[in-house]
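Dear colleague,

Please find the structure below, handed over for your own inspection. A summary of what was found in it follows.

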Amino acid sequence: MASALIKEPKVGVGVFVFNDRGQFVIGQRKGAHGAGTWALPGGHLEYGETFETCAARETLEETGLSTTVVKFLTATNNIMRGDDAHYVTIFMTAKIHGDKTEPELLEPEKCESWQWITWEELSSWAETHKNALKEGRSSTRKLFLPLLDLFEHRVGINPTHSI
């Protein structure tokens, strides 16, 4: 008797990587689920890996930025119906460490570009995206579902307070 395919949630990690000006890195996704949306550096938690190690590894792999003071911020539960995916997303904060202070596009098949923004700018993007969804129209700055859920389900959270 063949066993049925069991679907289980995956664990993703997203990192607010801050510079000395209080800005963090965000990039436009491509290729994978959430293509065209804006997201933080991050990826899948590997077996036996701590949240902190995953956050530092993914940030370095995707942007070339080394990090320090890596801390847990919060988590969201994201059911991505359009992509038939379910993720628990662990949000972390970190500071840039070392001489390299600008992100590099190291995985161009996964990300269009990196840019620096503030929490206030991201909050504005989230509000615009949320209003566009309610009104059935498109938004120019669509956020990856875990980031949108952060604003929807973790009201009042502010990663700048943890750095």
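**Charged residues and overall fold**

E49 is buried, with a relative accessible area of 16%. Please keep in mind throughout that the model is a predicted one.

The partner of E49 is R57: the two form a salt bridge in which the closest N and O atoms are 2.7 Å apart. R57 also counts as buried, at 17% relative accessibility. Both residues fall in that class because buried is taken to mean under 20% relative accessible area.

R57 has a further salt bridge, with E61, and here the closest N and O atoms are 3.4 Å apart. These two residues are four positions apart in helix 1 (residues 51-63), so about one helical turn separates them. E61 has a relative accessibility of 37% and counts as partly exposed.

Another salt bridge links K110 with E107, with 3.8 Å between the closest N and O atoms. Its two members fall in separate classes of burial: K110 counts as partly exposed at 46% relative accessibility, whereas E107 is buried at 13%. Elsewhere, salt bridges that share partners bring E46, E49, R57, E58 and E61 together in one network. In general, side chains of opposite charge can pair when their charged atoms come close.

For the structure as a whole, the search finds ten salt bridges. The protein carries 17 positive and 22 negative side chains, and 5 Å lies between the centres of the two sets.

Turning to the fold, the protein contains three helices and seven strands. Their order from the N terminus is β-β-β-β-α-β-β-β-α-α. The radius of gyration is 16 Å, close to the 15 Å given by the globule rule for 163 residues, and the protein is therefore as compact as a globular protein of that length. The C-alpha trace spans about 55 × 40 × 30 Å along its principal axes.

As to burial and contacts, 42% of the 163 residues count as buried. Among contacts with a separation of 6 or more, 68% are made by residues 24 or more positions apart. The accessible surface of the protein amounts to about 9100 Å², and carbon and sulfur atoms account for 52% of that area.

When you open the model, I would suggest beginning with R57, which forms salt bridges with both E49 and E61.

Yours sincerely

Definitions and conventions: Residues are numbered from 1 along each chain as its sequence is written. This is a predicted model: local features need pLDDT of at least 70, side-chain atom pairs count only at pLDDT 80 or more; totals for chains, interfaces and linings use all residues. Side-chain values use heavy atoms; hydrogens and water are left out. The radius of gyration is taken over C-alpha atoms; the globule rule is 2.2 Å times the number of residues to the power 0.38. Buried means under 20% relative accessible area, exposed over 50%, partly exposed in between (1.4 Å probe, protein chains only). Contact means heavy atoms within 4.5 Å. Accessible areas come from the Shrake-Rupley method with a 1.4 Å probe; for residues, only the protein chains shown count as cover. Lys and Arg count as positive and Asp and Glu as negative; His and the chain ends are not counted. The place of a charge is taken as NZ of Lys, CZ of Arg, CG of Asp or CD of Glu. A salt bridge is a side-chain nitrogen of Lys or Arg within 4 Å of a carboxyl oxygen of Asp or Glu.
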